[in-house]
Amino acid sequence: MLIVGLMSGTSLDGIDAALVEVGGSTEDDVSVRLVRALTLPYDEPRREAIHAAIAAGSAEALCGLHADLGEWLAEAALRVCEDAGVALASVDAIGSHGQTVWHRPPSAGTRGATLQLGDPATLAERTGCAVVSDFRTRDVAAGGHGAPLVPWVDRLLFSKVGAARALQNLGGIGNVTWVPPKGSAEPLFAFDTGPGNALIDAAVELATDRRLTFDRDGVLAARGEVDGELLAELLRHPYFAAEPPKSTGREAFGRPFVARLVEALRPEGDRDWLDLVATLTELTARTVADAYGRWVVPHGVDEVVITGGGARNPTLVGRIRALLAPLPVLDGAALGIDPDAKEALAFALLAWAHLRGIAANVPQATGAAGPRVLGSLTPGAMAPART
């Protein structure tokens, strides 16, 4: 099967698209080949449209964003197929995560709720392909967090003979999957570690009046000094001590979080802003390392592999390496694929699992009542999805 995977992540930097050839019909005989991958960057108007709709929270704003994202996702799907020289008629399905705009984890006996936008009907209409979307909600309906979603794929593709791996993603939000050695019967587990790039990006945007949207190469953080008192206060956030399964999002660690900090701190001049970026970078590194110390390292870990936008921030990665030493911390190339395509590839595999009727959630990671087939199917205009 040829499947396009689409992902618009919590960093809000663009849409990742991967054209994937998937062979086999079960988890035991599956084979995967990444044919082509690309990122369709968001320009400033699109990026701000997402931020504005989330901040407004109005039905009108979210309704419009849902339709717009469907168009943008279709653009990415069309582009990756065009770049690969593959006709859309040859594509069996599209697996689309869409864009998470709100995520409410379950707590104290209250079920969770999650909302991903990106109209699958628009995507099917523009491409003619069947679309599998809305992957999180079935797990949430079964009492889970609906996150993280990629651990099933992590184990399927990236387990390693004789080594236990921690696969750390640093998108807008950070998450880790602990993958036992290949062939092991041990259950994997996964959870969101806390902020990834979201707080750093928001501080950089405010500091530069949106001239910059992220700390390229970590140069701003490297020029600042960590405010130890502020860092200690931020580390007391209750999320960090909460036991897994757990998940979070921009509603907890996003622009409003940083806006409240700025209102309280009232930074003046470049030095104050640089110190804030440095402190938020250290916060991200510390929360990753603390999570490992509490819940990951006790399982036994041979190596850590970092992917996501944060993997390109040497200051952030350097601090994670230092805090996790002597544990080896590797870049995403260790996985044998383009690390920038990892999440889009995952959603292609999750679409394949849906079409095969294979449960792809990981209940021990999400807290769901049991295994569930994830996603909903929107038929394409050309033909039904082939299984």
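Which residues is Glu282 in contact with, leaving aside its neighbours within four places in sequence? In this predicted model, they are Val226, Leu231, Arg319 and Leu323.

**Glu282 and the packing of H11 with H12**

Glu282 lies in helix H11. The residue counts as buried because its relative accessible area is 8%, under the 20% limit. One of its contacts, Leu231, is 51 residues away from Glu282 in sequence, while their C-alpha atoms are 7.8 Å apart in space.

Two of the other contacts, Arg319 and Leu323, belong to the group through which helix H12 meets H11. Two packed helices are described by the angle between their axes and the distance between the axes. For H11 (residues 269-296) and H12 (residues 314-324), the angle is about 35° and the axes are 9 Å apart. The crossing of H11 past H12 is right-handed. On the H11 side, the contact is made by Thr281, Glu282, Thr284, Ala285, Arg286, Val288, Ala289 and Tyr292. H12 contributes Thr315, Leu316, Arg319, Ile320, Leu323 and Leu324. Sorted by class, this contact comprises eight nonpolar, three polar and three charged residues.

**Helix H1**

Helix H1 covers residues 44-56, which gives 13 residues. From its first C-alpha to its last, H1 reaches 18 Å, close to the 18 Å expected at 1.5 Å a residue. At the start of this helix, a side-chain oxygen of Asp43 comes to within 3.0 Å of the backbone nitrogen of Arg46. After H1 comes Gly57, with a positive phi near 65°.

The residues of H1 that are buried are Arg46, Arg47, Glu48, Ile50, His51 and Ala53. They pack against four elements: helix H2 (59-84), strand S4 (93-104), helix H6 (198-207) and helix H10 (255-265).

**Helix H3**

Helix H3 spans residues 120-127, and its buried residues are Pro120, Thr122, Leu123, Ala124 and Thr127. The partners of these buried residues are strand S1 (2-8), H2, S4, strand S6 (131-133) and strand S12 (376-378). H2 and S4 are thus packing partners of the buried residues of H1 and of H3.

The N-terminal end of H3 is capped by Asp119, a side-chain oxygen of which lies 3.2 Å from the backbone nitrogen of Ala121. Gly128 follows H3 and has a positive phi, near 80°.

**Gln116 in strand S5**

Gln116 is part of strand S5 (residues 113-117). With a relative accessible area of 12%, Gln116 is buried. Its side chain makes a polar contact of 3.0 Å with the side chain of Thr100, and another of 2.8 Å with the side chain of Thr114. When residues up to four places away in sequence are not counted, Gln116 touches His97, Gln99, Thr100, Asp134 and Arg136.

**Asp338 in a loop**

Asp338 is located in the loop between strand S11 (329-331) and helix H13 (342-356). Is this residue buried, exposed or partly exposed? Asp338 is partly exposed, because its relative accessible area is 36%, which falls between the limits of 20% and 50%. The side chain of Asp338 reaches the backbone nitrogen of Asp340 at 3.0 Å. Asp338 and Arg36 are 302 residues apart in sequence, and their C-alpha atoms are 9.8 Å apart in space.

**Backbone features in loops**

Two cis peptide bonds can be described together. The bond from Ala147 to Pro148 is cis, with omega near -10°, and Pro148 is found in the loop between helix H4 (136-141) and helix H5 (151-158). The bond from Pro244 to Pro245 is also cis, with omega near 0°, and Pro245 lies in the loop between helix H9 (238-241) and H10.

The table gives positive phi values of residues other than glycine.

| Residue | Phi | Loop | Relative accessible area |
|---|---|---|---|
| Asp217 | near 60° | between H6 and helix H7 (219-223) | 46% |
| Arg266 | near 50° | between H10 and H11 | 60% |

Asp217 is partly exposed at 46%, whereas Arg266 counts as exposed because its 60% relative accessibility is over the 50% limit.

Terms used. Residues are numbered from 1 along each chain as its sequence is written. This is a predicted model: local features need pLDDT of at least 70, side-chain atom pairs count only at pLDDT 80 or more; totals for chains, interfaces and linings use all residues. Side-chain values use heavy atoms; hydrogens and water are left out. Axes are lines fitted to C-alpha atoms, for helices over the stretch in contact, and angles run from 0 to 180 degrees between N-to-C directions. Helices (H or I, at least four residues) and strands (E, at least two) are DSSP runs, numbered from the N terminus. A crossing is left-handed if the near helix is turned anticlockwise from the far one by less than a right angle, and right-handed if clockwise. Contact means heavy atoms within 4.5 Å. Ala, Val, Leu, Ile, Met, Phe, Trp, Tyr, Cys and Pro count as nonpolar, Asp, Glu, Lys and Arg as charged, and the others, Gly among them, as polar. The expected span of a helix is 1.5 Å times one less than its number of residues. Buried means under 20% relative accessible area, exposed over 50%, partly exposed in between (1.4 Å probe, protein chains only). A polar contact is a pair of N or O atoms within 3.5 Å; within protein, one must be able to donate a hydrogen and the other to accept it, and residues adjacent in sequence count only if both atoms are side-chain atoms.
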